[in-house]
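Notebook open, viewer open. I'm jotting down what I look up as I go.

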Amino acid sequence: MPVGQLLVEGLAIGACYGLFATAVVIIYKTSEVVNFAQGEMAMFSSFVAFHILSVYQLPFWAAFVITMIFSILLGILIEYFFLRPAKHPSILGLIVITLGAEMFLMGLAGWKWGAEQKFFSLPLDPSLTYEPVKGMIINNWAIAVFAVTTCIMLLLYVFFKYTRLGVAMRATQQNKHAAKIMGIRTERVLSFAWGSSSLIGAIAGMFFASRATLDPAFMMEPFLRAFAAAVLGGLMSIPGVIIGGGLMGLIENFFGYYWPQWKPIIAFIVIILVLCLRPSGLFTKHFVKKV
Amino acid sequence: MKFRNKALFSFIAVLAVLSIASVTQAAPPVGFDDNEIRIGQWGPQTGPAAPWGSVARGSKLLFDIVNEEGGIHGRKIKYFIRDDMYNPAQTAAVVKELVERQGIFAFVGGVGSATGMAVKDYLAANKILWIGPAAADKDFAFPVDPYLFAVYPLYKDEGSILTKYIVDKLKMKKIGILYQNDAYGKDGLEGVKDRLATYKMSLVAEIPVEPTEKDLASQILRLKNSGAEAVLMYLTPTPAVIALKTAATVGFKPQWVSSNTLSDYPLMFKITGGLWEGVITGAFGEIPDSMNPLMVKYREAAKRLTPEERWGIFYSAGIVFADPIVEALKKVGRNLSTEAVMKALNSFKNYQTIGPKITWTEKQHQGTDSVLIQKCGPGASYITLQDWTTNDLATWKK
């Protein structure tokens with residue numbers, strides 16, 4: 001059994017799940033809404049990057065910057081046009097709206113770019129690999145995922161801990177009405193949350209697309225796994241979801257090595273067990289909402 | 001008196017409407033008249049399987065050529081394509097609409113197993129011919145449905161032929177397989193195992209894959225550790241791309257061999273970023289740049305009549321599936337009937353155009369077990385490695 005290699009592969013895909021799960025958690029932390037359009041927002045942004053690269057032939061970094069700006073605007077606009085107009089919204093109502101947004105984005109991408117799979121690559125030579133320890137080959141894709149995930153985690157930690165906006169986001173999540181009374185413009189906080197979540201999702205989406213193919217449905221499966229990783233780690237804890245993602249990647253890869261037929265469902269079985277034993281996830285405290 | 005007359009008139013009117021309705025229900029409109037023969041096909045023109053929609057448009061090219069040449073015994077072919085979005089419920093709806101509103105003589109092609117199974121019994125009940133389903137489902141040909149004639153070689157036969165090629169020609173003894181965990185993948189697996197049994201060999205790794213999986217790292221490491229020299233794939237395009245990309249990043253370089261479902265080299269070459277070069281696949285149609293006189297004729301006609309279409313293997317497969325009905329209609333002559341065309345189809349013996357040789361009898365409606373073996377060359381070019389080959393292990397022929 002290639003333990004070292006399974007460790008690298010499991011952690012790399014797990015970091016990617018964790019990164020995408022972070023995008024899910026940012027919105028959940030501010031509004032308690034699970035955004036089912038998260039995968040399709042990332043898919044749409046990845047298609048924009050693909051379009052800029054293939055049609056306008058811009059260099060990758062220019063396409064990347066434009067895509068990042070686009071993804072922020074996409075997040076803000078979806079929140080503004082889809083969720084904000086809802087009158088007296090319940091959490092369930094908002095979740096259903098995100099499902100509608102998901103279908104809208106998938107239809108739009110299918111209409112614009114078609115259903116045929118597209119090739120999407122990051123400027124990383126896939127054949128360039130390193131073997132720091134015998135039996136542990138690390139490729140460029142995995143290194144990029146580890147580096148980007150670490151940077152985003154550090155930035156988010158500083159943001160939530162030390163910036164006024166970060167504190168305002170936490171306050172909005174804890175009590176929206178009290179935050180409003182304290183002068184926090186909660187609508188702006190929500191816009192910021194959706195924008196930054198969409199940005200992180202787009203980065204993760206591009207990682208997934210470069211490993212597989214780009215098509216309107218390509219983020220459905222990663223979204224499910226990222227969501228499961230978020231549940232595993234605890235939907236309220238950003239470090240928790242990263243660890244949840246890593247655990248998920250490791251469980252899938254080690255288990256999938258011996259029993260490949262069980263690989264697609266093993267992580268979900270683990271999650272059911274976790275939810276039975278620790279309903280709020282591994283890394284968050286169970287809380288009971290006061291009436 | 002006036003009231004009684006009115007009531008009588010209403011009663012007669014209702015009876016008339018009911019009798020017309022029952023007549024309509026009992027027999028759908030006939031699928032031909034003195035001037036035209038109506039043929040239909042369903043296929044995904046939109047939605048996730050839209051790339052396979054070119055099969056239905058490829059059939060259109062053949063019918064356009066036939067009409068351009070004057071039709072068949074004075075009748076033109078009127079061809080209907082309906083988009084079912086690869087959704088069986090939608091297939092049932094569009095087929096019903098075509099049969100009951102337009103009146104269809106025969107269906108050709110039709111992408112998908114589940115979509116086809118959704119209408120198979122309906123078509124048989126209405127005595128409508130269906131030639132060349134664009135899927136290799138065993139249930140289409142076994143047991144024999146008198147109105148259904150299969151062209152597509154079975155995945156089991158193809159798996160057996162490909163394995164024979166790997167062992168005999170490539171001299172490779174360690175063979176692994178990545179197969180989709182459904183009827184498609186399992187049929188291929190069965191053919192591979194049957195062939196290996198004749199060499200007293202077994203697979204070094206046998207790995208099922210779900211079509212939606214996005215991470216195949218552990219599966220590829222398992223194959224690498226098994227020492228597989230050749231890996232067969234019974235997959236859809238995206239898992240195949242993930243498999244090749246992942247293998248490249250862990251330094252695993254086997255001879256990849258795939259089912260004909262992945263023989264659209266320009267597409268596979270593009271979406272793997274060139275990794276598809278060197279992959280060997282089965283095929284059930286001539287290569288796109290073949291100099292076979294019929295291929296030259298169709299290729300030129302495609303350039304002239306449908307310049308917007310890509311001349312690829314799925315497009316020309318539409319011709320392979322539609323060819324037999326044209327031939328049967330020519331054989332039958334002016335006195336057209338479903339029974340006469342069935343009789344003509346049942347007498348096909350080694351009929352070949354740009355696909356495999358087809359033989360049908362009253363008791364056998366699986367038309368062929370032949371495939372070509374091809375290889376993806378530089379720039380997504382097609383290299384024919386082995387001419388049409390039959391499966392000597394095909395039990396259904398005996």
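Where is the place of E32(A) in chain A? I looked, and E32(A) sits in the loop between α1 and α2 of chain A. Note to self before going on: this is a predicted model.

**Odd backbone angles**

I pulled phi for E32(A) and got a positive value near 60 degrees, in a residue other than glycine. I flagged it because most residues other than glycine have a negative phi. The burial check gave 15 C-beta neighbours inside 10 Å, so E32(A) counts as partly exposed.

I found a similar entry in chain B: K171(B) is not a glycine either, and its phi is positive at about 60 degrees. K171(B) belongs to the loop between α6 (155-168) and β6 (175-180) of chain B. Buried or exposed, with 8 C-beta neighbours inside 10 Å? K171(B) counts as exposed, because 12 or fewer neighbours is the cut-off for that class.

Next I went through omega. The peptide bond from F142(B) to P143(B) came up as cis, with omega near -5 degrees. I placed P143(B) in the loop between α5 (138-141) and β5 (148-149) of chain B.

**Helix α9 of chain A**

I did a quick ruler test on α9(A), residues 220-233. At 1.5 Å a residue, its 14 residues should span 20 Å, and the end C-alpha atoms are 20 Å apart, so the two agree. The expected value uses one less than the number of residues, which is why I didn't multiply by 14.

How many residues of α9(A) are buried? I get 12 of the 14, so I wrote the helix down as mostly covered, going by the cut-off of 20 or more neighbours. Among the buried ones are F223(A), R225(A), F227(A), V231(A) and L232(A). R225(A) caught my eye, and I noted that E221(A) is on the buried list too.

What do those buried residues pack against? I listed α1 (3-31), α2 (38-54), α8 (186-211), α10 (238-258) and α11 (263-277), which belong to chain A. Just after the helix comes G234(A), with a positive phi near 115 degrees.

**G75 of chain A**

I clicked on G75(A), which is in helix α3 (residues 60-83) of chain A. It has 30 C-beta neighbours inside 10 Å, so G75(A) counts as buried. Leaving out residues up to four places away in sequence, I logged contacts from G75(A) to M41(A), W194(A), G195(A), S197(A) and S198(A). I also took the C-alpha distance from G75(A) to F192(A): 8.6 Å, for a pair 117 residues apart along the chain.

**Chain B overall**

I counted 13 helices and 12 strands in chain B. Its radius of gyration is 24 Å, close to the 21 Å from the globule rule for 398 residues, so chain B is as compact as a globular protein of that length. Along the principal axes, I boxed the C-alpha atoms at roughly 95 × 45 × 45 Å. Buried residues come to 50% of the 398. Of the contacts in chain B with a separation of 6 or more, 70% are between residues 24 or more positions apart.

The domain split is domain 1 (36-153 + 289-367) and domain 2 (155-283 + 374-397). I put their C-alpha centres 28 Å apart. The contact takes 13 residues from domain 1 and 12 residues from domain 2. On the domain 1 side I sorted six nonpolar, three polar and four charged residues.

**A hairpin in chain B**

I traced β11(B), residues 371-376, to β12(B), residues 382-389: the two run antiparallel and five bridges join them. Q374(B) stands opposite T384(B). The two strands form a hairpin with five residues between them, and G379(B) in the turn has a positive phi of about 65 degrees.

**Where B meets A**

Last lookup of the session. I found 30 residues of chain B in contact with 33 residues of chain A. On the chain B side, β7 (205-209), α8 (217-226), α9 (237-249) and α10 (265-271) each supply at least two residues. Which of them gives the most? That is α9(B), with seven residues. By class, I split the chain B side into 13 nonpolar, 10 polar and seven charged residues.

How values were computed: Residues numbered from 1 in each chain as written. Chains lettered and ligands numbered in written order. Predicted model: local features only at pLDDT ≥ 70, side-chain atom pairs only at ≥ 80, totals over all residues. Helix = DSSP H or I, 4+ residues; strand = E, 2+ residues; numbered from the N terminus. Contact = placed C-beta atoms within 7 Å. Pairing = 2+ DSSP bridges. Rg over C-alpha atoms; globule rule 2.2 N^0.38 Å. Nonpolar A, V, L, I, M, F, W, Y, C, P; charged D, E, K, R; others polar. Domains from an automatic or database assignment.
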